[in-house]
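User: I have a chain here that I'd like to go through with you. Can you pull it up so we can talk over the fold?

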Amino acid sequence: MAAVAAGSLVGKGCDISLAALQRHDPYINRIMDVASQVVPYTFGHWANEWEKTDVEGTLFVYARSASPEHGFTIMNRLSMENRTEPSTKDLDFQLQDPFLLYRNARCESINTLGGFISEVGQVFKIVKCIALCLC
């Protein structure tokens, strides 16, 4: 897969984004894919409904020079707290277009799935990229 999809980030835009990610994790060495706007939700099992989190922004899927070798981060536009997930064998995800549902190793039950809302057609590309990272 190309380092960054055509038209997503090129030249200085990619360099600036990589530098911003490296301030949070100096082991990030390459941006693999980008979705310009994502909003994670969590499933509240008490209320039995999806609840918007306090995170929204650009999703970066990246490679790292240390273990784990891949991950993704949502650079939060609402606050200084970003959402970062390492891509390991413990990351469980499924595509329900236009949503990407995932559960990380910290979640204790299937009820704590999160979802991304992204631009049309972008979700499948991101799923493929994350799947390649998990191989």
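User: Start with a detail. Which residue in β5 is the bridge partner of Phe 60?

Analyst: The bridge partner of Phe 60 in β5 is Thr 73. Phe 60 itself is in strand β4. Before going on: this is a predicted model, where local features need pLDDT of at least 70, side-chain atom pairs count only at pLDDT 80 or more, and totals for chains, interfaces and linings use all residues. Residues are numbered from 1 along each chain as its sequence is written, and side-chain values use heavy atoms, with hydrogens and water left out.

User: How many bridges between β4 and β5, and in which sense do they pair?

Analyst: Seven bridges, antiparallel. Two strands count as paired if DSSP finds at least two bridges between them. Strands themselves are DSSP runs of E with at least two residues, helices are runs of H or I with at least four, and both are numbered from the N terminus.

User: Is Phe 60 buried or exposed?

Analyst: Buried, at 6% relative accessibility. The cut-offs are under 20% relative accessible area for buried, over 50% for exposed, and partly exposed in between, with a 1.4 Å probe and protein chains only. Phe 60 and Ile 31 are 29 residues apart along the chain, yet their C-alpha atoms are separated by 6.7 Å.

User: OK, step back. What is the order of elements along the sequence?

Analyst: The pattern is α-β-β-β-β-β-β-β-β-β-α, that is, two helices and nine strands. The chain has 135 residues, of which 43% count as buried.

User: Which strands make up the open sheet, and in what order?

Analyst: Four strands in the order β1-β4-β5-β6, with antiparallel pairing. β1 and β6 are the edge strands, each pairing on one side only. From one strand to the next, the twist averages 15 degrees; angles run from 0 to 180 degrees between N-to-C directions of axes, which are lines fitted to C-alpha atoms, for helices over the stretch in contact.

User: What do β5 and β6 form together?

Analyst: A hairpin, with six residues between the two strands. β5 covers residues 70-76, and its antiparallel pairing with β6 runs over four bridges. Phe 72 has Glu 85 of β6 as its bridge partner.

User: A Glu in there? Why does Glu 85 count as buried?

Analyst: Because its relative accessible area is 2%, and the cut-off for buried is under 20%. The side chains of β6 (residues 83-86) alternate: Arg 83 and Glu 85 point to one face and are buried, whereas Thr 84 and Pro 86 point to the other and are not.

User: Which residues is Glu 85 in contact with, beyond its sequence neighbours?

Analyst: Leaving out neighbours within four places in sequence, Glu 85 touches Gly 71, Phe 72, Tyr 102, Asn 104 and Arg 106. Contact here means heavy atoms within 4.5 Å.

User: Now the hydrophobic side. Which residues have the most contacts inside the largest nonpolar core?

Analyst: Leu 59, Val 61, Phe 72, Ile 126 and Ile 130, in a core of 15 residues. At least two residues of this core come from each of β1, β4, β5, β8 and α2. A second, separate core has ten residues, including Leu 18, Ile 28, Val 34 and Met 75. A nonpolar core is a set of buried Ala, Val, Leu, Ile, Met, Phe, Trp, Tyr and Cys residues joined through side-chain atoms within 4.5 Å.

User: Where is Val 34?

Analyst: In strand β1, residues 28-38. Val 34 is buried, with a relative accessible area of 7%.

User: Any odd backbone spots to look at?

Analyst: Two. Ser 67 and Pro 68 are joined by a cis peptide bond with omega of about -5 degrees, and Pro 68 is in the loop between β4 and β5. Asn 48 has a positive phi of about 60 degrees although it is not a glycine. Asn 48 lies in the loop between β2 and β3 and is exposed, at 58% relative accessible area.

User: Last topic, confidence. Which elements have the lowest and the highest mean pLDDT?

Analyst: Strand β9 (residues 114-117) has the lowest, 58, and β5 the highest, 92. pLDDT is the predictor's confidence in each residue, from 0 to 100. The chain mean is 77, with 71% of residues at 70 or more.

User: Where does pLDDT stay under 50?

Analyst: Over residues 1-7, for which the model has 16 contacts beyond four places in sequence, and over residues 108-113, for which it has 14 such contacts.
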